[in-house]
Amino acid sequence: KLKISYYKITKPWSSFGNFIGFENSPRSVNTSANANSTVHYSTYSNNLYDTKLVGNNIKVFNVKVNYGSLELIERDNAEVARGEGVLVCTDAESVNVVKLFGFDLAPASEEETMLKATPVEDKAITAPSGYKLFRLAYNKSATKEGLGFYFGNTDGSQLNTKIYKAYLQVPTEALGSSTNASKGFRLGDTTGIDSIEFVPEDGAEEPTYNLNGQQVDKSAKGII
(Lines give C-alpha, C1' and ligand atoms only; values in the text may rest on other atoms or scores of the structure.)
Protein backbone atom coordinates (compact mmCIF):
# COMPACT_ATOMS: atom_id res chain seq x y z
CA LYS A 1 0.00 0.00 0.00
CA LEU A 2 1.37 3.39 -1.01
CA LYS A 3 0.28 6.63 0.54
CA ILE A 4 0.90 9.80 -1.44
CA SER A 5 0.82 13.20 0.20
CA TYR A 6 2.39 16.58 -0.36
CA TYR A 7 4.98 18.62 1.49
CA LYS A 8 4.78 22.38 1.11
CA ILE A 9 7.83 24.60 1.47
CA THR A 10 6.57 27.94 2.73
CA LYS A 11 9.53 30.07 1.60
CA PRO A 12 9.51 30.32 -2.22
CA TRP A 13 12.64 30.81 -4.29
CA SER A 14 13.02 33.97 -6.30
CA SER A 15 16.37 33.74 -8.04
CA PHE A 16 19.19 31.39 -8.89
CA GLY A 17 22.69 31.81 -7.61
CA ASN A 18 25.72 31.24 -9.77
CA PHE A 19 28.61 28.87 -9.24
CA ILE A 20 30.92 31.26 -7.36
CA GLY A 21 32.19 29.37 -4.32
CA PHE A 22 30.50 26.24 -5.63
CA GLU A 23 33.61 24.46 -6.90
CA ASN A 24 33.47 21.63 -4.36
CA SER A 25 29.81 20.77 -4.96
CA PRO A 26 28.29 18.75 -7.80
CA ARG A 27 26.79 20.73 -10.67
CA SER A 28 24.67 17.79 -11.78
CA VAL A 29 23.14 14.63 -10.36
CA ASN A 30 23.15 11.43 -12.40
CA THR A 31 20.02 9.30 -12.23
CA SER A 32 19.21 5.66 -12.92
CA ALA A 33 16.18 3.76 -14.21
CA ASN A 34 14.95 0.21 -14.57
CA ALA A 35 15.40 -1.36 -18.00
CA ASN A 36 12.87 -0.07 -20.56
CA SER A 37 11.65 2.59 -18.13
CA THR A 38 11.76 6.35 -18.62
CA VAL A 39 11.40 7.01 -14.89
CA HIS A 40 14.78 7.87 -13.39
CA TYR A 41 15.67 8.16 -9.71
CA SER A 42 18.49 9.39 -7.52
CA THR A 43 19.01 10.48 -3.96
CA TYR A 44 20.64 13.85 -3.32
CA SER A 45 21.96 16.03 -0.52
CA ASN A 46 24.35 18.93 -0.08
CA ASN A 47 25.89 19.70 3.31
CA LEU A 48 27.48 22.95 2.11
CA TYR A 49 24.77 24.98 0.38
CA ASP A 50 21.08 25.47 -0.20
CA THR A 51 20.52 24.31 -3.78
CA LYS A 52 17.87 23.89 -6.45
CA LEU A 53 17.57 20.98 -8.88
CA VAL A 54 16.86 22.00 -12.46
CA GLY A 55 15.90 19.79 -15.41
CA ASN A 56 13.16 17.91 -17.22
CA ASN A 57 9.97 16.96 -15.35
CA ILE A 58 11.62 16.88 -11.92
CA LYS A 59 9.74 15.70 -8.86
CA VAL A 60 11.41 15.86 -5.46
CA PHE A 61 10.19 13.76 -2.54
CA ASN A 62 10.50 13.31 1.17
CA VAL A 63 10.31 9.60 2.04
CA LYS A 64 8.85 7.80 5.04
CA VAL A 65 8.04 4.22 6.02
CA ASN A 66 4.97 3.40 8.08
CA TYR A 67 4.30 -0.19 9.15
CA GLY A 68 5.89 -1.70 6.08
CA SER A 69 4.54 0.85 3.57
CA LEU A 70 6.79 3.31 1.74
CA GLU A 71 5.36 6.81 1.49
CA LEU A 72 6.65 9.34 -1.05
CA ILE A 73 5.71 12.90 -0.08
CA GLU A 74 6.01 15.18 -3.09
CA ARG A 75 7.47 18.60 -2.34
CA ASP A 76 6.07 21.70 -4.00
CA ASN A 77 9.40 22.74 -5.56
CA ALA A 78 12.89 21.41 -6.25
CA GLU A 79 14.74 23.40 -3.59
CA VAL A 80 16.92 21.38 -1.20
CA ALA A 81 18.05 22.84 2.11
CA ARG A 82 21.63 22.44 3.22
CA GLY A 83 21.98 19.20 5.16
CA GLU A 84 18.79 17.45 4.12
CA GLY A 85 18.33 14.40 1.88
CA VAL A 86 15.73 13.98 -0.87
CA LEU A 87 14.62 11.52 -3.52
CA VAL A 88 14.68 12.87 -7.09
CA CYS A 89 12.45 11.55 -9.88
CA THR A 90 12.78 12.69 -13.51
CA ASP A 91 12.60 11.45 -17.09
CA ALA A 92 16.22 12.50 -17.75
CA GLU A 93 19.56 10.79 -17.11
CA SER A 94 20.75 13.77 -15.05
CA VAL A 95 19.55 17.00 -13.49
CA ASN A 96 21.49 20.21 -12.85
CA VAL A 97 22.34 21.62 -9.43
CA VAL A 98 22.26 25.38 -8.83
CA LYS A 99 23.40 27.12 -5.65
CA LEU A 100 20.87 29.46 -4.05
CA PHE A 101 22.17 32.75 -2.64
CA GLY A 102 20.53 34.73 0.14
CA PHE A 103 18.40 31.83 1.37
CA ASP A 104 18.14 30.09 4.69
CA LEU A 105 15.98 27.12 3.76
CA ALA A 106 14.65 25.02 6.60
CA PRO A 107 15.28 21.28 6.13
CA ALA A 108 12.43 18.83 6.50
CA SER A 109 12.04 17.59 10.06
CA GLU A 110 12.34 13.97 11.22
CA GLU A 111 8.54 13.87 11.37
CA GLU A 112 8.38 14.84 7.69
CA THR A 113 11.04 12.54 6.23
CA MET A 114 13.26 9.58 7.11
CA LEU A 115 15.84 10.45 4.46
CA LYS A 116 19.20 11.53 5.84
CA ALA A 117 21.99 13.41 4.06
CA THR A 118 25.16 11.38 3.76
CA PRO A 119 28.25 12.69 5.62
CA VAL A 120 30.67 15.18 4.06
CA GLU A 121 33.07 12.34 3.26
CA ASP A 122 32.57 8.78 2.04
CA LYS A 123 32.49 6.56 5.12
CA ALA A 124 30.82 3.57 6.75
CA ILE A 125 28.05 4.36 9.21
CA THR A 126 26.19 2.27 11.76
CA ALA A 127 22.48 2.52 12.45
CA PRO A 128 21.46 3.98 15.82
CA SER A 129 19.85 1.50 18.19
CA GLY A 130 16.31 0.69 17.05
CA TYR A 131 16.83 1.73 13.40
CA LYS A 132 17.58 0.10 10.02
CA LEU A 133 19.47 1.71 7.12
CA PHE A 134 18.37 1.50 3.47
CA ARG A 135 20.11 2.72 0.28
CA LEU A 136 18.98 3.18 -3.31
CA ALA A 137 20.20 0.28 -5.47
CA TYR A 138 19.29 -2.27 -8.14
CA ASN A 139 18.19 -5.73 -7.13
CA LYS A 140 19.49 -7.10 -10.46
CA SER A 141 22.23 -4.98 -11.97
CA ALA A 142 22.87 -7.05 -15.10
CA THR A 143 19.31 -6.48 -16.30
CA LYS A 144 18.71 -3.19 -14.43
CA GLU A 145 15.75 -4.50 -12.47
CA GLY A 146 14.33 -3.81 -9.05
CA LEU A 147 15.51 -0.25 -8.47
CA GLY A 148 14.52 0.66 -4.95
CA PHE A 149 15.56 1.03 -1.33
CA TYR A 150 17.30 -1.96 0.25
CA PHE A 151 19.13 -2.78 3.47
CA GLY A 152 22.64 -1.33 3.60
CA ASN A 153 23.91 -4.75 4.65
CA THR A 154 22.41 -8.14 5.49
CA ASP A 155 20.47 -6.92 8.51
CA GLY A 156 20.26 -3.19 7.81
CA SER A 157 22.65 -2.25 10.59
CA GLN A 158 25.35 -0.61 8.44
CA LEU A 159 26.07 0.93 5.05
CA ASN A 160 28.85 2.70 3.19
CA THR A 161 27.89 6.27 2.36
CA LYS A 162 28.74 8.37 -0.66
CA ILE A 163 28.93 12.15 -0.42
CA TYR A 164 26.04 14.21 -1.87
CA LYS A 165 23.60 11.28 -1.60
CA ALA A 166 20.95 10.26 0.93
CA TYR A 167 19.84 7.13 2.74
CA LEU A 168 16.79 6.01 4.70
CA GLN A 169 17.03 5.66 8.47
CA VAL A 170 13.88 3.80 9.53
CA PRO A 171 12.69 2.86 13.04
CA THR A 172 12.34 -0.91 13.26
CA GLU A 173 8.75 -0.63 14.47
CA ALA A 174 7.86 1.16 11.20
CA LEU A 175 8.90 -1.90 9.16
CA GLY A 176 6.07 -4.17 10.27
CA SER A 177 5.89 -7.23 12.47
CA SER A 178 9.00 -9.32 13.07
CA THR A 179 7.60 -12.11 10.88
CA ASN A 180 6.71 -9.79 7.99
CA ALA A 181 9.17 -6.92 8.19
CA SER A 182 10.38 -4.92 5.20
CA LYS A 183 13.92 -5.46 3.94
CA GLY A 184 13.36 -3.36 0.81
CA PHE A 185 10.97 -1.47 -1.45
CA ARG A 186 11.06 -1.52 -5.26
CA LEU A 187 10.10 1.81 -6.84
CA GLY A 188 7.53 2.12 -9.62
CA ASP A 189 8.29 2.26 -13.36
CA THR A 190 5.39 4.38 -14.58
CA THR A 191 4.65 7.70 -12.89
CA GLY A 192 7.33 7.19 -10.31
CA ILE A 193 4.91 7.25 -7.37
CA ASP A 194 2.12 4.83 -8.15
CA SER A 195 3.83 1.49 -7.56
CA ILE A 196 5.88 0.50 -4.54
CA GLU A 197 6.58 -3.20 -4.20
CA PHE A 198 7.17 -4.50 -0.69
CA VAL A 199 10.09 -6.91 -0.23
CA PRO A 200 9.50 -9.11 2.87
CA GLU A 201 12.41 -9.80 5.16
CA ASP A 202 11.73 -13.53 5.14
CA GLY A 203 11.25 -13.73 1.35
CA ALA A 204 13.67 -15.32 -1.13
CA GLU A 205 16.65 -13.01 -1.21
CA GLU A 206 18.23 -12.21 -4.56
CA PRO A 207 21.63 -10.52 -4.96
CA THR A 208 21.47 -6.75 -4.67
CA TYR A 209 23.65 -4.36 -6.68
CA ASN A 210 24.50 -0.71 -6.49
CA LEU A 211 24.03 1.51 -9.54
CA ASN A 212 27.64 0.95 -10.59
CA GLY A 213 26.93 -2.75 -11.10
CA GLN A 214 28.72 -3.90 -7.97
CA GLN A 215 27.02 -6.73 -6.11
CA VAL A 216 26.09 -5.99 -2.52
CA ASP A 217 26.52 -9.16 -0.46
CA LYS A 218 27.03 -9.88 3.22
CA SER A 219 30.31 -7.99 3.25
CA ALA A 220 29.35 -5.06 1.01
CA LYS A 221 27.28 -2.14 2.26
CA GLY A 222 26.90 0.31 -0.59
CA ILE A 223 24.82 3.41 -1.13
CA ILE A 224 23.85 5.15 -4.35
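Is Glu110 exposed or buried? Glu110 counts as exposed, at 59% relative accessibility, and its partner appears in the salt-bridge view below.

This is a predicted model, in which local features need pLDDT of at least 70 and side-chain atom pairs count only at pLDDT 80 or more, while totals for chains, interfaces and linings use all residues. Residues are numbered from 1 along each chain as its sequence is written, and side-chain values use heavy atoms, with hydrogens and water left out.

**View 1. The whole chain is built with 20 strands and 0 helices.**
Here is the overall picture before we zoom in. Strands (E, at least two residues) and helices (H or I, at least four) are DSSP runs, numbered from the N terminus. Of the 224 residues in the chain, 51% are buried; buried means under 20% relative accessible area, exposed means over 50%, and partly exposed lies in between (1.4 Å probe, protein chains only). The chain has an accessible surface of about 10,700 Å², and carbon and sulfur atoms contribute 46% of that area; the areas come from the Shrake-Rupley method with a 1.4 Å probe, and for residues only the protein chains shown count as cover. Among contacts with a separation of 6 or more, 77% join residues 24 or more positions apart, where contact means heavy atoms within 4.5 Å.

**View 2. An open sheet of 4 strands runs in the order β2-β10-β5-β8.**
The pairing in this sheet is antiparallel; two strands pair if DSSP finds at least two bridges between them. β2 and β8 are the edge strands, each pairing on one side only. Strand β10 (residues 94-99) pairs with β2 (residues 28-30) over 3 bridges, and with β5 (residues 51-54) over 4 bridges. To find your way around, look for Ser28 opposite Asn96 of β10. Lys52 stands opposite Val98 in β10, and Leu53 has Val97 as its bridge partner in that strand. In a regular strand, side chains alternate between the two faces of the sheet.

**View 3. Ala81 sits in the loop between β8 (79-80) and β9 (85-90).**
Ala81 has a relative accessible area of 1%, so this residue is buried. Which residues is Ala81 in contact with, leaving aside neighbours within four places in sequence? They are Asn46, Tyr49, Asp50, Leu105, Ala106 and Pro107. Thr51 is also worth finding here: Ala81 and Thr51 are 30 residues apart in sequence, and their C-alpha atoms are 6.5 Å apart in space.

**View 4. The structure holds 2 salt bridges.**
A salt bridge is a side-chain nitrogen of Lys or Arg within 4 Å of a carboxyl oxygen of Asp or Glu. One joins the side chains of Arg75 and Glu84, with an N to O distance of 2.7 Å. Arg75 counts as buried because its relative accessibility is 6%, and Glu84 counts as buried because its value is 5%. Another salt bridge links Lys116 to Glu110, with the closest N and O atoms 3.3 Å apart. Lys116 is partly exposed, with a relative accessible area of 21%, while Glu110 is exposed at 59%.

**View 5. The largest nonpolar core has 24 residues.**
A nonpolar core is a set of buried Ala, Val, Leu, Ile, Met, Phe, Trp, Tyr and Cys residues joined through side-chain atoms within 4.5 Å. Leu70, Phe149 and Leu168 have the most contacts inside this core. Two or more residues come from each of β6 (59-66), β7 (69-75), β9, β13 (131-137), β14 (148-151) and β16 (166-171). Start with Leu168 if you like: not counting residues up to four places away in sequence, Leu168 touches Val63, Leu70, Met114, Leu115, Lys132, Leu133, Phe134 and Phe149. A second, separate core has 10 residues, including Val29, Tyr44, Leu53 and Ala78.

**View 6. Phe134, Phe151 and Phe185 form one aromatic cluster.**
A search of the whole structure finds 2 aromatic pairs. Rings of Phe, Tyr and Trp (its six-membered ring) pair if their centres lie within 6.5 Å; planes under 30 degrees apart count as stacked, over 60 as edge-to-face, and the rest as tilted. Phe134 and Phe151 make a tilted pair, 5.0 Å centre to centre with 55° between the planes. This pair links strand β13 to strand β14, with the two residues 17 apart in the chain. Phe134 and Phe185 are also tilted, at 6.2 Å centre to centre and 40° between the planes. Here Phe134 in β13 meets Phe185 in strand β17 (residues 182-186), 51 residues apart. Phe134 and Phe151 are both buried, and Phe185 is buried too.
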